[in-house]
Amino acid sequence: MFFYQQLENDLYRIGVNDRRTARFENMFPMPDGVSYNSYLIKDEKKVLFDTVDASFINDFYSNLNHALGEDKLDYLVITHMEPDHSSAINMVLKDHPDCKLVGNKKTFQFLEQFFGDEFKDRYLEVKNGETLEIGKRTLEFIFAPMVHWPEVMFVLSSEGELFSADAFGTFGAIEGHYSSDLIDMDRAFIDEARRYYINIVGKQGRSVIAILKKLEGKEVKMILPLHGPIHRQKDKIEYFIEKYKTWGSFESEEDGVLIAYSSMYGNTEEAADMLAYELSENGVKNIHIYDVSEYDYSYIISDAHKFSNFVYTAINYNTDLYPRMDAFLRELVCTGFQNRKVSVITNMSWGGRAEKIAEEILESSKLEKIGETISLKSSLDEEKVGEIKELAKAIADSMK
Ligand code: FEO
(Lines give C-alpha, C1' and ligand atoms only; values in the text may rest on other atoms or scores of the structure.)
Protein backbone atom coordinates (compact mmCIF):
# COMPACT_ATOMS: atom_id res chain seq x y z
CA MET A 1 0.00 0.00 0.00
CA PHE A 2 1.08 3.58 -0.50
CA PHE A 3 -1.90 5.49 0.73
CA TYR A 4 -1.02 8.73 2.44
CA GLN A 5 -2.07 12.35 2.39
CA GLN A 6 0.22 15.32 1.79
CA LEU A 7 -1.07 17.88 4.29
CA GLU A 8 1.49 20.55 3.41
CA ASN A 9 4.54 20.65 1.16
CA ASP A 10 6.65 18.61 3.54
CA LEU A 11 4.06 17.25 6.00
CA TYR A 12 2.34 13.91 5.44
CA ARG A 13 -0.25 11.80 7.20
CA ILE A 14 0.86 8.22 6.69
CA GLY A 15 -1.49 6.48 9.15
CA VAL A 16 -4.02 3.72 8.50
CA ASN A 17 -7.71 3.00 8.94
CA ASP A 18 -8.84 0.09 11.12
CA ARG A 19 -12.29 -1.31 10.30
CA ARG A 20 -11.48 -4.79 11.62
CA THR A 21 -10.97 -4.38 15.35
CA ALA A 22 -14.29 -4.75 17.13
CA ARG A 23 -13.49 -2.86 20.32
CA PHE A 24 -11.02 -0.09 21.07
CA GLU A 25 -8.84 -1.06 24.04
CA ASN A 26 -10.96 -4.23 23.97
CA MET A 27 -13.69 -2.13 25.60
CA PHE A 28 -15.43 0.32 23.31
CA PRO A 29 -17.27 -0.68 20.11
CA MET A 30 -16.16 1.02 16.90
CA PRO A 31 -18.96 0.53 14.36
CA ASP A 32 -17.29 3.05 12.06
CA GLY A 33 -13.72 1.92 12.73
CA VAL A 34 -10.89 4.16 13.84
CA SER A 35 -7.74 5.61 12.31
CA TYR A 36 -4.24 5.35 13.72
CA ASN A 37 -2.50 8.49 12.55
CA SER A 38 1.21 8.80 12.07
CA TYR A 39 2.82 11.92 10.63
CA LEU A 40 5.99 12.54 8.69
CA ILE A 41 7.81 15.87 8.31
CA LYS A 42 10.38 16.03 5.52
CA ASP A 43 12.22 19.13 6.66
CA GLU A 44 16.05 19.21 6.57
CA LYS A 45 15.68 16.44 9.11
CA LYS A 46 13.15 13.71 8.43
CA VAL A 47 10.93 13.28 11.46
CA LEU A 48 8.29 10.63 12.10
CA PHE A 49 5.64 11.17 14.78
CA ASP A 50 4.42 7.88 16.30
CA THR A 51 3.56 4.66 14.48
CA VAL A 52 0.44 2.43 14.43
CA ASP A 53 -1.26 -0.61 15.94
CA ALA A 54 0.42 -4.02 15.55
CA SER A 55 -2.24 -5.31 13.14
CA PHE A 56 -1.42 -2.65 10.54
CA ILE A 57 2.35 -2.53 10.58
CA ASN A 58 2.76 -3.72 6.99
CA ASP A 59 0.35 -1.14 5.56
CA PHE A 60 1.93 1.60 7.64
CA TYR A 61 5.43 0.61 6.65
CA SER A 62 4.57 0.65 3.01
CA ASN A 63 3.05 4.13 3.36
CA LEU A 64 6.13 5.36 5.19
CA ASN A 65 8.51 4.03 2.56
CA HIS A 66 6.57 5.60 -0.29
CA ALA A 67 6.36 8.97 1.47
CA LEU A 68 10.06 8.90 2.38
CA GLY A 69 11.32 7.88 -1.06
CA GLU A 70 15.13 7.73 -0.88
CA ASP A 71 15.28 9.55 2.44
CA LYS A 72 16.05 7.97 5.80
CA LEU A 73 14.60 9.02 9.12
CA ASP A 74 16.57 11.20 11.51
CA TYR A 75 14.08 11.19 14.38
CA LEU A 76 11.12 9.18 15.57
CA VAL A 77 9.16 11.24 18.12
CA ILE A 78 6.96 9.31 20.53
CA THR A 79 4.10 11.44 21.83
CA HIS A 80 2.33 8.46 23.42
CA MET A 81 3.37 4.91 24.20
CA GLU A 82 0.01 3.11 24.13
CA PRO A 83 0.52 0.18 21.74
CA ASP A 84 -2.03 1.42 19.18
CA HIS A 85 0.69 3.96 18.30
CA SER A 86 3.95 2.38 19.34
CA SER A 87 3.88 -1.14 17.93
CA ALA A 88 6.08 -0.42 14.91
CA ILE A 89 8.83 1.51 16.72
CA ASN A 90 11.41 -1.27 16.81
CA MET A 91 10.76 -2.19 13.18
CA VAL A 92 11.29 1.42 12.07
CA LEU A 93 14.52 1.73 14.08
CA LYS A 94 15.91 -1.44 12.53
CA ASP A 95 15.49 0.00 9.04
CA HIS A 96 16.74 3.49 9.86
CA PRO A 97 20.10 3.02 11.56
CA ASP A 98 20.73 6.74 12.21
CA CYS A 99 17.25 7.44 13.52
CA LYS A 100 17.13 8.77 17.10
CA LEU A 101 14.17 8.03 19.32
CA VAL A 102 12.78 11.19 20.92
CA GLY A 103 10.85 10.86 24.17
CA ASN A 104 10.91 11.68 27.84
CA LYS A 105 12.05 9.65 30.82
CA LYS A 106 8.67 7.93 31.23
CA THR A 107 8.39 7.30 27.48
CA PHE A 108 11.54 5.20 27.58
CA GLN A 109 10.45 3.44 30.75
CA PHE A 110 7.22 2.32 29.03
CA LEU A 111 9.04 1.53 25.80
CA GLU A 112 11.29 -0.91 27.63
CA GLN A 113 8.35 -2.41 29.55
CA PHE A 114 6.53 -3.14 26.28
CA PHE A 115 9.29 -3.78 23.75
CA GLY A 116 12.62 -4.16 25.56
CA ASP A 117 15.71 -1.95 25.46
CA GLU A 118 17.30 -3.03 22.16
CA PHE A 119 17.66 0.60 21.01
CA LYS A 120 18.71 2.16 24.29
CA ASP A 121 21.73 3.82 22.65
CA ARG A 122 19.43 5.79 20.33
CA TYR A 123 17.38 7.56 22.99
CA LEU A 124 17.20 11.35 22.85
CA GLU A 125 15.56 12.29 26.12
CA VAL A 126 13.79 15.65 26.20
CA LYS A 127 12.45 17.67 29.10
CA ASN A 128 9.30 19.76 29.24
CA GLY A 129 9.78 22.97 27.27
CA GLU A 130 12.95 21.83 25.48
CA THR A 131 13.31 22.35 21.75
CA LEU A 132 14.84 20.55 18.79
CA GLU A 133 15.90 22.18 15.49
CA ILE A 134 14.97 20.16 12.41
CA GLY A 135 15.59 22.70 9.63
CA LYS A 136 13.14 25.51 8.97
CA ARG A 137 11.17 24.26 11.98
CA THR A 138 11.91 24.10 15.68
CA LEU A 139 9.98 21.52 17.68
CA GLU A 140 8.91 22.37 21.25
CA PHE A 141 8.06 19.52 23.62
CA ILE A 142 5.14 20.27 25.93
CA PHE A 143 4.45 17.56 28.48
CA ALA A 144 0.80 16.59 28.87
CA PRO A 145 0.87 14.04 31.70
CA MET A 146 -2.33 11.99 32.11
CA VAL A 147 -3.85 13.10 28.81
CA HIS A 148 -4.37 10.24 29.10
CA TRP A 149 -1.17 8.33 30.03
CA PRO A 150 1.64 9.63 32.25
CA GLU A 151 4.28 9.94 29.50
CA VAL A 152 2.18 11.87 26.96
CA MET A 153 3.75 14.94 25.42
CA PHE A 154 2.50 17.35 22.80
CA VAL A 155 4.90 18.71 20.20
CA LEU A 156 4.39 22.20 18.78
CA SER A 157 6.40 23.18 15.72
CA SER A 158 7.45 26.76 14.98
CA GLU A 159 5.04 26.53 12.00
CA GLY A 160 2.11 26.13 14.41
CA GLU A 161 1.63 22.39 13.89
CA LEU A 162 0.51 20.79 17.15
CA PHE A 163 1.01 17.04 17.45
CA SER A 164 -1.50 16.35 20.22
CA ALA A 165 -1.25 12.59 20.88
CA ASP A 166 -4.73 11.20 21.65
CA ALA A 167 -6.16 14.62 22.51
CA PHE A 168 -8.56 16.05 19.90
CA GLY A 169 -8.96 12.57 18.44
CA THR A 170 -12.12 10.62 17.70
CA PHE A 171 -13.50 7.21 16.85
CA GLY A 172 -14.31 6.64 13.19
CA ALA A 173 -12.10 5.68 10.27
CA ILE A 174 -11.19 8.56 7.97
CA GLU A 175 -13.64 8.40 5.09
CA GLY A 176 -11.67 10.56 2.71
CA HIS A 177 -12.20 13.62 4.86
CA TYR A 178 -8.81 13.85 6.49
CA SER A 179 -9.43 17.38 7.83
CA SER A 180 -12.33 18.65 9.93
CA ASP A 181 -13.01 21.56 7.56
CA LEU A 182 -14.14 18.94 5.04
CA ILE A 183 -16.93 17.59 7.28
CA ASP A 184 -19.92 18.88 9.21
CA MET A 185 -18.54 18.63 12.75
CA ASP A 186 -21.93 19.03 14.40
CA ARG A 187 -23.42 16.13 12.48
CA ALA A 188 -20.80 13.63 11.46
CA PHE A 189 -18.12 14.20 14.01
CA ILE A 190 -18.90 15.47 17.47
CA ASP A 191 -20.89 12.54 18.93
CA GLU A 192 -18.10 10.07 18.27
CA ALA A 193 -15.44 12.60 19.32
CA ARG A 194 -17.30 13.04 22.61
CA ARG A 195 -17.71 9.29 23.12
CA TYR A 196 -13.98 8.87 22.50
CA TYR A 197 -12.98 11.68 24.86
CA ILE A 198 -15.40 10.92 27.69
CA ASN A 199 -14.70 7.19 27.85
CA ILE A 200 -10.95 7.22 27.29
CA VAL A 201 -9.65 10.58 28.51
CA GLY A 202 -12.70 11.79 30.47
CA LYS A 203 -11.54 11.10 34.01
CA GLN A 204 -8.41 13.21 33.46
CA GLY A 205 -10.33 16.49 33.13
CA ARG A 206 -7.92 18.40 35.35
CA SER A 207 -4.97 17.35 33.21
CA VAL A 208 -6.85 18.41 30.08
CA ILE A 209 -7.53 21.87 31.50
CA ALA A 210 -3.86 22.12 32.55
CA ILE A 211 -2.56 21.41 29.03
CA LEU A 212 -5.06 23.86 27.51
CA LYS A 213 -3.65 26.51 29.86
CA LYS A 214 -0.09 25.65 28.79
CA LEU A 215 -1.14 26.22 25.17
CA GLU A 216 -2.69 29.63 25.80
CA GLY A 217 -0.78 32.33 23.94
CA LYS A 218 0.93 29.85 21.63
CA GLU A 219 0.11 29.95 17.95
CA VAL A 220 -1.63 26.75 16.87
CA LYS A 221 -2.46 26.66 13.15
CA MET A 222 -3.05 22.95 12.84
CA ILE A 223 -3.87 20.15 15.31
CA LEU A 224 -2.68 16.68 14.33
CA PRO A 225 -4.18 14.04 16.65
CA LEU A 226 -3.44 10.32 16.67
CA HIS A 227 -7.02 9.39 15.72
CA GLY A 228 -9.43 10.99 13.26
CA PRO A 229 -9.12 14.07 11.06
CA ILE A 230 -6.64 16.89 11.53
CA HIS A 231 -7.92 20.39 12.34
CA ARG A 232 -6.48 23.25 10.29
CA GLN A 233 -9.14 25.96 10.20
CA LYS A 234 -9.22 28.57 12.94
CA ASP A 235 -12.95 28.20 13.64
CA LYS A 236 -12.72 24.39 13.78
CA ILE A 237 -9.74 24.55 16.14
CA GLU A 238 -11.56 27.03 18.40
CA TYR A 239 -14.75 24.93 18.30
CA PHE A 240 -12.94 21.81 19.43
CA ILE A 241 -10.86 23.58 22.09
CA GLU A 242 -14.09 25.01 23.54
CA LYS A 243 -15.56 21.48 23.66
CA TYR A 244 -12.43 20.29 25.49
CA LYS A 245 -12.76 23.12 28.01
CA THR A 246 -16.36 22.09 28.69
CA TRP A 247 -15.61 18.37 28.88
CA GLY A 248 -12.46 18.87 30.95
CA SER A 249 -14.40 20.98 33.46
CA PHE A 250 -17.13 18.31 33.71
CA GLU A 251 -19.74 20.87 32.65
CA SER A 252 -22.78 19.87 30.60
CA GLU A 253 -22.94 20.96 26.98
CA GLU A 254 -26.67 21.58 26.91
CA ASP A 255 -29.88 21.32 28.93
CA GLY A 256 -31.38 17.91 28.48
CA VAL A 257 -32.21 14.66 30.22
CA LEU A 258 -30.47 11.33 29.93
CA ILE A 259 -32.68 8.51 31.23
CA ALA A 260 -30.84 5.23 31.83
CA TYR A 261 -33.20 2.46 32.79
CA SER A 262 -33.15 -1.26 33.50
CA SER A 263 -36.33 -3.30 33.25
CA MET A 264 -36.86 -7.06 33.28
CA TYR A 265 -40.51 -7.17 32.18
CA GLY A 266 -41.21 -3.65 30.93
CA ASN A 267 -42.80 -2.06 34.01
CA THR A 268 -39.86 0.21 34.86
CA GLU A 269 -39.44 0.93 31.14
CA GLU A 270 -43.04 2.15 31.11
CA ALA A 271 -42.25 4.56 33.95
CA ALA A 272 -39.16 5.81 32.05
CA ASP A 273 -41.24 6.36 28.91
CA MET A 274 -43.95 8.15 30.87
CA LEU A 275 -41.36 10.44 32.47
CA ALA A 276 -39.96 11.24 29.03
CA TYR A 277 -43.45 12.08 27.75
CA GLU A 278 -44.14 14.36 30.71
CA LEU A 279 -40.74 16.03 30.29
CA SER A 280 -41.65 16.78 26.72
CA GLU A 281 -45.01 18.19 27.87
CA ASN A 282 -43.01 20.48 30.15
CA GLY A 283 -40.99 21.81 27.23
CA VAL A 284 -37.80 19.76 27.58
CA LYS A 285 -36.36 19.37 24.10
CA ASN A 286 -33.39 17.02 24.56
CA ILE A 287 -34.42 13.67 26.02
CA HIS A 288 -32.53 10.43 25.43
CA ILE A 289 -33.62 7.08 26.87
CA TYR A 290 -31.26 4.11 27.04
CA ASP A 291 -31.86 0.54 28.22
CA VAL A 292 -28.61 -0.37 30.00
CA SER A 293 -29.12 -4.00 28.97
CA GLU A 294 -29.27 -3.06 25.30
CA TYR A 295 -26.70 -0.32 24.67
CA ASP A 296 -22.99 -0.35 25.13
CA TYR A 297 -22.27 1.78 28.18
CA SER A 298 -19.88 4.06 26.28
CA TYR A 299 -22.82 5.64 24.39
CA ILE A 300 -24.91 6.17 27.51
CA ILE A 301 -21.96 7.57 29.45
CA SER A 302 -21.15 9.99 26.65
CA ASP A 303 -24.71 11.38 26.70
CA ALA A 304 -24.75 11.47 30.51
CA HIS A 305 -21.79 13.87 30.33
CA LYS A 306 -23.44 15.85 27.54
CA PHE A 307 -26.70 16.71 29.30
CA SER A 308 -27.54 18.67 32.44
CA ASN A 309 -29.88 16.11 34.01
CA PHE A 310 -29.47 12.40 34.66
CA VAL A 311 -32.23 9.96 35.61
CA TYR A 312 -31.54 6.35 36.48
CA THR A 313 -33.66 3.49 37.68
CA ALA A 314 -32.62 1.33 40.60
CA ILE A 315 -34.47 -1.98 40.43
CA ASN A 316 -33.89 -4.90 42.73
CA TYR A 317 -32.32 -8.14 41.59
CA ASN A 318 -31.93 -10.77 44.31
CA THR A 319 -32.32 -7.87 46.77
CA ASP A 320 -29.28 -6.09 45.26
CA LEU A 321 -29.07 -3.55 42.43
CA TYR A 322 -29.81 -5.02 38.98
CA PRO A 323 -26.30 -6.10 37.91
CA ARG A 324 -26.25 -4.30 34.57
CA MET A 325 -27.25 -1.01 36.20
CA ASP A 326 -24.67 -1.67 38.92
CA ALA A 327 -21.94 -2.15 36.28
CA PHE A 328 -23.13 0.85 34.25
CA LEU A 329 -23.08 3.22 37.23
CA ARG A 330 -19.59 2.05 38.24
CA GLU A 331 -18.28 2.64 34.72
CA LEU A 332 -19.96 6.06 34.67
CA VAL A 333 -18.18 7.04 37.89
CA CYS A 334 -14.89 5.83 36.35
CA THR A 335 -15.20 8.62 33.78
CA GLY A 336 -15.25 11.29 36.50
CA PHE A 337 -18.98 11.95 36.11
CA GLN A 338 -20.00 14.88 38.35
CA ASN A 339 -21.80 18.24 38.51
CA ARG A 340 -25.13 16.95 37.25
CA LYS A 341 -28.69 17.01 38.51
CA VAL A 342 -29.99 13.54 39.26
CA SER A 343 -33.41 11.96 39.74
CA VAL A 344 -34.24 8.38 40.64
CA ILE A 345 -36.95 5.80 39.98
CA THR A 346 -36.78 2.57 41.99
CA ASN A 347 -38.72 -0.66 41.61
CA MET A 348 -38.68 -3.10 44.50
CA SER A 349 -41.35 -5.74 44.39
CA TRP A 350 -40.43 -7.28 47.71
CA GLY A 351 -37.82 -4.92 49.20
CA GLY A 352 -34.08 -4.74 48.89
CA ARG A 353 -31.02 -2.50 48.76
CA ALA A 354 -31.01 -1.37 45.11
CA GLU A 355 -31.40 2.36 45.75
CA LYS A 356 -28.87 2.38 48.58
CA ILE A 357 -26.28 0.53 46.48
CA ALA A 358 -26.77 2.96 43.60
CA GLU A 359 -26.36 5.94 45.92
CA GLU A 360 -23.15 4.46 47.33
CA ILE A 361 -21.73 3.96 43.83
CA LEU A 362 -22.54 7.57 42.89
CA GLU A 363 -21.47 9.10 46.20
CA SER A 364 -18.18 10.54 44.87
CA SER A 365 -19.98 12.22 41.94
CA LYS A 366 -21.57 14.85 44.21
CA LEU A 367 -24.84 15.04 42.27
CA GLU A 368 -27.70 17.43 43.03
CA LYS A 369 -30.92 15.52 43.65
CA ILE A 370 -33.99 16.84 41.82
CA GLY A 371 -37.44 15.76 43.06
CA GLU A 372 -38.32 12.86 45.30
CA THR A 373 -37.41 9.27 44.44
CA ILE A 374 -40.31 7.50 42.76
CA SER A 375 -40.63 4.06 44.35
CA LEU A 376 -42.59 1.61 42.25
CA LYS A 377 -43.99 -1.61 43.66
CA SER A 378 -43.77 -3.90 40.63
CA SER A 379 -45.77 -1.63 38.27
CA LEU A 380 -47.22 1.84 37.79
CA ASP A 381 -50.47 2.89 39.48
CA GLU A 382 -52.45 6.15 39.54
CA GLU A 383 -50.52 7.49 42.51
CA LYS A 384 -47.15 6.89 40.83
CA VAL A 385 -48.35 8.45 37.59
CA GLY A 386 -49.07 11.61 39.59
CA GLU A 387 -45.58 11.46 41.11
CA ILE A 388 -43.99 11.13 37.66
CA LYS A 389 -45.84 14.27 36.50
CA GLU A 390 -44.47 16.11 39.54
CA LEU A 391 -40.95 14.83 38.92
CA ALA A 392 -41.08 15.89 35.25
CA LYS A 393 -42.07 19.41 36.29
CA ALA A 394 -39.29 19.53 38.90
CA ILE A 395 -36.71 18.44 36.34
CA ALA A 396 -37.95 20.96 33.76
CA ASP A 397 -37.90 23.71 36.42
CA SER A 398 -34.32 22.78 37.36
CA MET A 399 -33.21 23.84 33.88
CA LYS A 400 -34.62 27.35 34.12
FE1 FEO B 1 -4.72 6.06 20.91
FE2 FEO B 1 -4.04 6.23 24.21
O3 FEO B 1 -3.85 5.53 22.46
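**Exercise 1. Salt bridges and a pair within one helix**

Task: Starting from the fact that the structure, a predicted model, holds 25 salt bridges, find how the side chains of E192 and R195 meet, and explain why the two are separated by about one helical turn.

Solution. The first step is to look at the side chains themselves: those of E192 and R195 meet in a salt bridge, with 3D separation of 2.8 Å from N to O. The second step is to place both residues in the chain, where E192 and R195 belong to helix α5 and are 3 residues apart, which means that about one helical turn separates them.

**Exercise 2. How the two domains meet**

Task: Describe the interface of domain 1 and domain 2, beginning with the bounds of each and ending with the element that gives the most to the side of domain 1 that touches domain 2.

Solution. Begin with the division of the protein chain, in which domain 1 covers 5-249 and domain 2 covers 254-398; the centres of domain 1 and domain 2, taken over C-alpha atoms, are separated by 38 Å.

Next, consider the contact itself, in which 14 residues of domain 1 meet 12 residues of domain 2. The size of an interface is often given as the accessible area lost when the parts come together. Here the area buried between domain 1 and domain 2 is about 1000 Å², and carbon and sulfur atoms give 53% of it.

Then turn to the polar side of the interface, where the rule finds 1 salt bridge across domain 1 and domain 2, and where 5 residue pairs are in polar contact, counting pairs with both residues at pLDDT 80 or more. As a last step, ask which elements supply the domain 1 side: β5 (28-29) and α5 (185-201) each supply at least two residues of the side that touches domain 2, and α5 gives the most, with 6 residues.

**Exercise 3. The sheet of 7 strands**

Task: Trace the order of the 7 strands in their open sheet, then follow the pairing of β2 with β7 and of β7 with β8, and say which helices pack on the sheet.

Solution. Reading across the sheet, the order is β1-β2-β7-β8-β9-β10-β11, with mixed pairing. Because β1 (5-8) and β11 stand at the edges with a single partner strand each, one side of each is left without a neighbour in the sheet. From one strand to the next the twist averages 25°.

The helices come next: α1 (residues 57-68) lies across β2, β7 and β8 and runs at about 15° to β7, while α4 touches β10 (100-103) and β11, its direction making about 145° with that of β11.

For the pairing, β2 (residues 11-13) and β7 (residues 39-42) are antiparallel over 3 bridges, and L11 stands opposite I41 in β7. In turn, β7 pairs in the antiparallel sense with β8 (residues 46-49) over 4 bridges, with K42 opposite K46 in β8, and a hairpin through 3 residues joins β7 to β8.

**Exercise 4. The sheet of 5 strands**

Task: Identify the edge strands of the open sheet formed by 5 strands, and describe how β13 and β14 pair.

Solution. The strands follow the order β12-β13-β14-β15-β16, and the pairing is mixed. Since β12 (131-133) and β16 (222-224) each have a single partner strand, they stand at the edges, and one side of each is left without a neighbour in the sheet. The twist averages 20° from one strand to the next.

Moving inward, β13 (residues 138-143) and β14 (residues 153-157) pair in the antiparallel sense over 5 bridges, and F141 stands opposite V155 in β14. Helix α6 (residues 205-215) packs on this sheet, touching β13, β14 and β15 (161-163), and its direction makes about 150° with that of β13.

**Exercise 5. Two backbone details**

Task: Locate the cis peptide bond from V147 to H148 and the positive phi of N26 in the chain.

Solution. Most residues other than glycine have a negative phi, and most peptide bonds are trans. Against that background, the peptide bond from V147 to H148 is cis, with omega near 5°, and H148 is found in the loop between β13 and β14. N26 is not a glycine, yet has a positive phi of about 60°; the place of N26 is in the loop between β4 (23-24) and β5.

Definitions and conventions:
Residues are numbered from 1 along each chain as its sequence is written. This is a predicted model: local features need pLDDT of at least 70, side-chain atom pairs count only at pLDDT 80 or more; totals for chains, interfaces and linings use all residues. Side-chain values use heavy atoms; hydrogens and water are left out. Two strands pair if DSSP finds at least two bridges between them. Axes are lines fitted to C-alpha atoms, for helices over the stretch in contact, and angles run from 0 to 180 degrees between N-to-C directions. Contact means heavy atoms within 4.5 Å. Domain bounds come from an automatic or database domain assignment. Buried area is the accessible area (1.4 Å probe) that two parts lose on being put together, summed over both. A salt bridge is a side-chain nitrogen of Lys or Arg within 4 Å of a carboxyl oxygen of Asp or Glu. A polar contact is a pair of N or O atoms within 3.5 Å; within protein, one must be able to donate a hydrogen and the other to accept it, and residues adjacent in sequence count only if both atoms are side-chain atoms.
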